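Open the model in your viewer and keep the sequence panel beside it. We will go from stop to stop, selecting as we go.

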Amino acid sequence: MDAVIEIREVSKSFQGQSVLERCSLNLKKGEIYGLLGINGAGKTTLMKITGGFQQPDEGEVRIEGRDSWEYREKIQSRIGTLIETPIFYDHLSARENLEIHMAYMGQESDINGALEQVGLVRTGKKPVSRFSMGMKQRLGIARAMLHSPDCLLLDEPVNGLDPVGIQEVRDILLALAKKGTAMLVSSHILSEMEQLAHRVGILAQGKIVEEFSPSLMRKQYGENFENYVIDIMKRKQI
Ligand SMILES: Nc1ncnc2c1ncn2[C@@H]1O[C@H](COP(=O)(O)OP(=O)(O)OP(=O)(O)O)[C@@H](O)[C@H]1O
């Protein structure tokens, strides 16, 4: 398999508490991989390590063949990330924030198009400090995808979005996947995963304990799909 993201036996502990334990998963071009797990399972930690924002204690992550910690600067300029609450220059507008980001990336991009895609084109000079949580989230998504990255790491991307926003973001992500972008996406909303992800992995006990195709799972379990998945999450928690 031509993996764009290869997570190989990654382990990470904080103050002696193991969070990830030989966790492995692969993502290929155009694939959306949904990461499910209870609070504190280690989803954000795995995203941070994948993007080279944290060093694994053991194991490695390769993005397009490069070690994501060793080559973190290069990698971070090529991937798009939305991990935890996005941070912006609060006194600046959405457009100014994106302009600064692209200047930092040393690239040019269609900022207007991106703002339009996420429904922020009419915010004009309004400073980000006056944005709602959902608007900040939309801006975070625009920033993550602005430089047309081959890989996106999105930690709860629809968090705080209204139903219209959720659908818009889902459509954007599905369209990007069709163009070949690989995405690691976490969400607590199972129905969202079902509509978005090609493959879902359940993170528990520090590793992926179960992987499935949500559409096949729905076919197999019908209305019991949610219960089935929640059951696995409960059983594997300990
Ligand atoms: N920098 C850190 N220092 C100490 N502990 C940390 C640090 N980062 C994460 N942890 C701990 O690692 C565990 C996993 O946290 P993480 O944020 O990765 O989980 P999560 O699956 O994303 O949770 P949630 O669904 O609640 O967002 C938690 O117990 C958390 O307290």
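**Stop 1: the ligand**

Select N39 and the ligand together. An N or O atom in the side chain of N39 sits 3.0 Å from an oxygen atom of the ligand. Keep in mind that this is a predicted model.

Now add G40. Here a polar backbone atom is 2.8 Å from a ligand oxygen atom. Then add G42. One of the backbone N or O atoms of G42 is 2.9 Å from an oxygen atom of the ligand. How much of the ligand's accessible area does the protein cover? The ligand on its own has 640 Å², and the protein covers 61% of that.

Widen the selection to the shell. There are 13 residues around the ligand, and G40, G42, K43, T44 and T45 come nearest. Colour the shell by class. You should find 7 polar, 4 nonpolar and 2 charged residues. Which helix gives the most to this shell? Helix α1, residues 43-50, does, with 3 residues.

**Stop 2: A41, on the way to α1**

Select A41. This residue is in the loop between β3 (32-36) and α1. Is A41 buried or exposed? Its relative accessible area is 12%, and buried means under 20%, so A41 is buried.

Next, show what touches A41. Leaving aside neighbours within four places in sequence, A41 is in contact with V19 and L203. Draw a distance from A41 to L203. They are 162 residues apart along the chain, yet their C-alpha atoms are separated by 6.3 Å.

**Stop 3: helix α1**

Select residues 43-50, which make up α1. The helix is mostly covered, with 6 of its 8 residues buried. Pick out the buried ones: K43, T45, L46, M47, I49 and T50. Step just past the end of α1 to G52. Its phi is positive, at about 75°.

**Stop 4: E70, out in the open**

Jump to E70. It belongs to the loop between β5 (66-67) and α2 (72-78). Turn on the surface. E70 has a relative accessible area of 57%, and exposed means over 50%, so E70 counts as exposed. Now select Q55 as well. E70 and Q55 are 15 residues apart in sequence, and their C-alpha atoms are 9.0 Å apart in space.

**Stop 5: S93, under cover**

Go on to S93, in the loop between β6 and α3. The relative accessibility of S93 is 5%, and the limit for buried is under 20%, so S93 is buried. What does S93 contact, leaving aside neighbours within four places in sequence? The list is G124, K125, K126, P127 and V128.

**Stop 6: helix α5**

Finish with residues 133-145, helix α5. Put a distance between its end C-alpha atoms: they are 19 Å apart. Why does that agree with a helix of 13 residues? At 1.5 Å a residue, α5 should span 18 Å, so the two values agree.

Now check its cover. α5 is mostly covered: 10 of its 13 residues are buried. Among them are M135, L139, I141 and M145. G134, G140, A142 and A144 are buried too. So are Q137 and R138.

Last, show what these buried residues pack against. The strands are β6 (80-82) and β7 (151-155). The helices are α3 (94-105), α4 (111-117) and α6 (163-178).

Definitions and conventions. Residues are numbered from 1 along each chain as its sequence is written. This is a predicted model: local features need pLDDT of at least 70, side-chain atom pairs count only at pLDDT 80 or more; totals for chains, interfaces and linings use all residues. Side-chain values use heavy atoms; hydrogens and water are left out. A residue is near a molecule or strand if one of its heavy atoms lies within 4 Å of it. A polar contact is a pair of N or O atoms within 3.5 Å; within protein, one must be able to donate a hydrogen and the other to accept it, and residues adjacent in sequence count only if both atoms are side-chain atoms. Accessible areas come from the Shrake-Rupley method with a 1.4 Å probe; for residues, only the protein chains shown count as cover. Helices (H or I, at least four residues) and strands (E, at least two) are DSSP runs, numbered from the N terminus. Ala, Val, Leu, Ile, Met, Phe, Trp, Tyr, Cys and Pro count as nonpolar, Asp, Glu, Lys and Arg as charged, and the others, Gly among them, as polar. The expected span of a helix is 1.5 Å times one less than its number of residues. Buried means under 20% relative accessible area, exposed over 50%, partly exposed in between (1.4 Å probe, protein chains only). Contact means heavy atoms within 4.5 Å.
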